[in-house]
Amino acid sequence: MDPVEDFRQRVARNIRRIGEDRDFIGLTNIWVRESIRKEYAQNFTWLGRPVIQVPQDVYAIQELIWTCRPDLIIETGIAHGGSLVLSASMLAMLDYCDAIEAGAVLDPRASRRKVVGVDIDIRAHNRAAIESHPMAHKMVTIQGSSIAPEVVEQVKAHAHGYDRIMVFLDSNHTHEHVLAELEAYAPLTSKGSYCVVWDTGVEDLPDEMCADRPWGRGDNPKTAVWAYQRLLSAEGRKAADGERLAFETDKTIEHKIAITAAADGFLRRI
């Protein structure tokens, strides 16, 4: 067998076995729960900005962007800006590789690839850090509620004319808010690309871990994902490109990385 194909099949078997190993998944769930108690995801930076993601999800983001090669990434929830910088740096890497393959001189500021970030409160020190970052030319920020009609229209205006769009949802984690975000932004996702909903794991946390939050078990991103999938199945929605809108839950990514803040949240448009 070709060694490249042999390795690919070995990895596929590894991922399948992880997905079938309930004990291993149980250990993973325990680890995720305890890591939240210790605020583990806040320990990391990407190109100097706090990214607030577990490293396995950063790997997943890198693989998704490299595979799907989006021209535009839409993100809700900015916080310190690390996720925006991560997406922007991956888009810059796509520009760089395209230039190498074409034998062209790269002008970083001439690229059309962008990441649009939305947050209801972009604090002054975070805005200053984002705007002074070397990746700033690839980032557009919008302050306001991600589900406010005027904000949704601004995002759609930025998305106009782009063919390959990816979406990351990571703001208010209540069922109602995330479902509204899905209604607004998931239809912008390009066929074959992803809408990723973060912090679906809230559904699996003990009640006391969300006691001071407006979300919790039964009211969180995962329940919103389930509800949105039911709506799509029942109503036959259309995407922004006019074609049928449907998503599959990509469990392969989840099983590959094992530790994730987006269980059931990697939605691939089909």
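User: Two strands count as paired if DSSP finds at least two bridges between them. With that in hand for this predicted model, in what order do the seven strands of the open sheet stand?

Analyst: Happy to walk you through it. The pairing in this sheet is mixed, and the twist from one strand to the next averages 20 degrees. Read across, the seven strands of the open sheet follow the order β5-β4-β3-β6-β7-β9-β8.

User: Which strands stand at the edges of that sheet?

Analyst: Look for strands with a single partner, because such a strand has one side left without a neighbour in the sheet. Two strands fit, one at residues 139–143 and the other at 247–249. The edge strands are therefore β5 and β8.

User: In which sense do β3 and β6 pair?

Analyst: Strand β3 covers residues 72–76 and strand β6 covers residues 165–169, with five bridges linking the two. To find your place in the pair, start at Leu-72, which stands opposite Ile-165 in β6. The sense of the β3 and β6 pairing is parallel.

User: Which strands does α7 touch where it packs on the sheet?

Analyst: The direction of α7 makes about 170 degrees with that of β6, so β6 is a handy reference, as angles over 145 count as roughly antiparallel. Helix α7 touches four strands of the sheet, namely β3, β6, β7 and β9.

User: Is α7 oblique or roughly parallel to α8?

Analyst: Helix α7 spans residues 175–185 and α8 spans residues 221–235, with axes 8 Å apart and an angle of about 45 degrees. Angles under 35 degrees would count as roughly parallel, and 65 to 115 as roughly perpendicular. The angle here falls in neither range, which means that α7 is to α8 oblique.

User: How many nonpolar residues does the contact of α3 with α4 have?

Analyst: These helices pack at about 35 degrees with axes 10 Å apart, and their crossing is right-handed. From α3 come Val-58, Ile-61, Gln-62, Ile-65 and Trp-66, and they meet α4 residues including Leu-86, Ser-87 and Met-90. Two residues of the contact are polar and none is charged. The number of nonpolar residues is 10.

User: Which helix holds both Asp-6 and Arg-10?

Analyst: The whole structure has 22 salt bridges, and one joins the side chains of Asp-6 and Arg-10 at 3.5 Å, N to O. The two residues are four apart, about one turn of the helix. Both lie within residues 3–20, in helix α1.

Note on methods
Residues numbered from 1 in each chain as written. Predicted model: local features only at pLDDT ≥ 70, side-chain atom pairs only at ≥ 80, totals over all residues. Heavy atoms only, no water. Axes fitted to C-alpha atoms, helices over the stretch in contact; angles between N-to-C directions. Contact = heavy atoms within 4.5 Å. Salt bridge = Lys/Arg side-chain N within 4 Å of Asp/Glu carboxyl O. Left-handed = near helix turned anticlockwise from the far one by under 90°. Nonpolar A, V, L, I, M, F, W, Y, C, P; charged D, E, K, R; others polar.
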